[in-house]
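Subject: Structure for your review

Dear colleague,

Please find below the structure that I am handing over to you. My findings follow it, and I would ask you to read them with the model open.

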Amino acid sequence: MNISVFVQEYLRGAMRNPGQFLQPRAQRHCPICEYAGRFIDVGPRPEARCPNCSSKERDRIMGLYFRRNAIDMMGQRVLHFSPERPFFRQWKNNPAYIAGDVKISKVANTVVDITNIQFKLDYFDYLICHHILEHVPEDVQGMRECFRVLKPGGLAFFSVPLDMERAHTWEPPAGMPAEEIERICGWDHVRLYGRDFATKLEAVGFHVELIAFTPQEAEQFRLSEQHALSLQGLDRIFICKK
Ligand SMILES: [Zn+2]
């Protein structure tokens, strides 16, 4: 058990919603750290976080996929944009792990511009890019760069906030004020993706599939966001093969 993370998550949970600890909760499992027990509420999302590794719903979808496919990132060349903490903790000692972001931070060891990646063609075995492209004005150029640096046969994982009611991605008209765009798309987002997101990934060359799981797995590992304010209720994660 990771005591310091555990204490931190329980304290945070108690500050946000102390009543949650009086409510009976099902036992959940975390496919990343193998913790089994009570998960912690985050804001309006009940049981969103694993108290042992801080994983959230989207992280556990990834963790389940890695587990199911026996994917071990140690020894692999990995480019991980704006890394999720549970994975950063697991992989940071792999010298070929590039935790990239627009600036160096506690969970980023390399500055990487997704629209101009400083690595050569066919370099990475894996690439992970969750909730990044909605912040990037030149998102198609970002997808092209991800495709370029991935090895043939390599896998890239993408997700963005998706409005499944929308067939086509909404791009704001030229000249629209940033505040108006943010009101429509969310904080710092520059567009609102629709169901054509996978088509965009295919257009740069990827073969695209969706990570699938059963309703039982969704319950056991707590993979869906359960709150009314969520745009999608569920993070759809696209596996892209080069
Ligand atoms: Zn965990």
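Let us begin with Ala 26, which sits in the loop between helix H1 and strand E1 (28-29). Please note that the model is a predicted one. Is Ala 26 buried, exposed or partly exposed? Its relative accessible area is 41%; since buried requires under 20% and exposed requires over 50%, Ala 26 counts as partly exposed. Leaving aside residues up to four places away in sequence, Ala 26 touches Gly 37 and Glu 47. Its C-alpha atom is separated by 8.7 Å from that of Phe 39, a residue 13 places from Ala 26 along the chain.

Phe 39 also belongs to a loop, the one between strand E2 (36-37) and strand E3. Its relative accessibility is 0%, so Phe 39 is buried. The residues that Phe 39 touches, again without those up to four places away in sequence, include Gln 20, Cys 30, Glu 47, Arg 49, Phe 221 and Arg 222. By C-alpha positions, Phe 39 and Asp 59 are 14 Å apart in space, with their positions 20 residues apart in sequence.

Arg 49, one of the residues touched by Phe 39, is part of strand E4 (residues 45-49). With a relative accessible area of 17%, Arg 49 is buried. Where does its side chain reach? It comes to 3.3 Å from the backbone oxygen of Ser 54. Among the other residues that Arg 49 touches, beyond four places in sequence, are Glu 9, Arg 12, Ile 40 and Arg 60.

Glu 9 brings us to helix H1, which covers residues 3-16. This helix has 14 residues and spans 20 Å from its first C-alpha to its last, close to the 20 Å expected at 1.5 Å a residue. Its buried residues are Val 5, Phe 6, Glu 9 and Gly 13. Viewed down the axis of H1, these buried residues fall within an arc of 100°, so they line one face of the helix. They pack against strand E3 (40-42), strand E4 and helix H3 (85-91). The face of H1 turned away from the buried side carries Ile 3, Ser 4, Leu 11 and Met 15, which are exposed.

Next, please look at the open sheet of 7 strands, whose order is E7-E6-E5-E8-E9-E11-E10 and whose pairing is mixed. Strand E7 (110-111) and strand E10 (207-210) stand at its edges; each has a single partner strand, so one side of each has no neighbour in the sheet. Within the sheet, strand E5 (residues 78-81) and strand E6 (residues 97-101) pair in the parallel sense over 4 bridges. Leu 79 has Ile 98 in E6 as its bridge partner.

Helix H4 (residues 139-149) has several buried residues, namely Asp 139, Gly 142, Met 143, Glu 145, Cys 146 and Val 149. They cover an arc of only 160° around the axis, which puts them on the same side of H4. What covers them includes strand E5, strand E8 (124-130), strand E9 (150-159) and helix H6 (197-203).

Finally, an unreviewed UniProt entry lists residues 110-158 as "domain: Methyltransferase type". Over these residues the chain is 22% helix and 37% strand, and the C-alpha atoms at the two ends are 20 Å apart.

Yours sincerely,
A colleague

Terms used:
Residues are numbered from 1 along each chain as its sequence is written. This is a predicted model: local features need pLDDT of at least 70, side-chain atom pairs count only at pLDDT 80 or more; totals for chains, interfaces and linings use all residues. Side-chain values use heavy atoms; hydrogens and water are left out. UniProt positions are given in the numbering used here, feature names are shortened, and annotations may be inferred rather than shown by experiment. Buried means under 20% relative accessible area, exposed over 50%, partly exposed in between (1.4 Å probe, protein chains only). A polar contact is a pair of N or O atoms within 3.5 Å; within protein, one must be able to donate a hydrogen and the other to accept it, and residues adjacent in sequence count only if both atoms are side-chain atoms. Contact means heavy atoms within 4.5 Å. The expected span of a helix is 1.5 Å times one less than its number of residues. The arc is that of the directions from the helix axis to the C-beta atoms. Two strands pair if DSSP finds at least two bridges between them.
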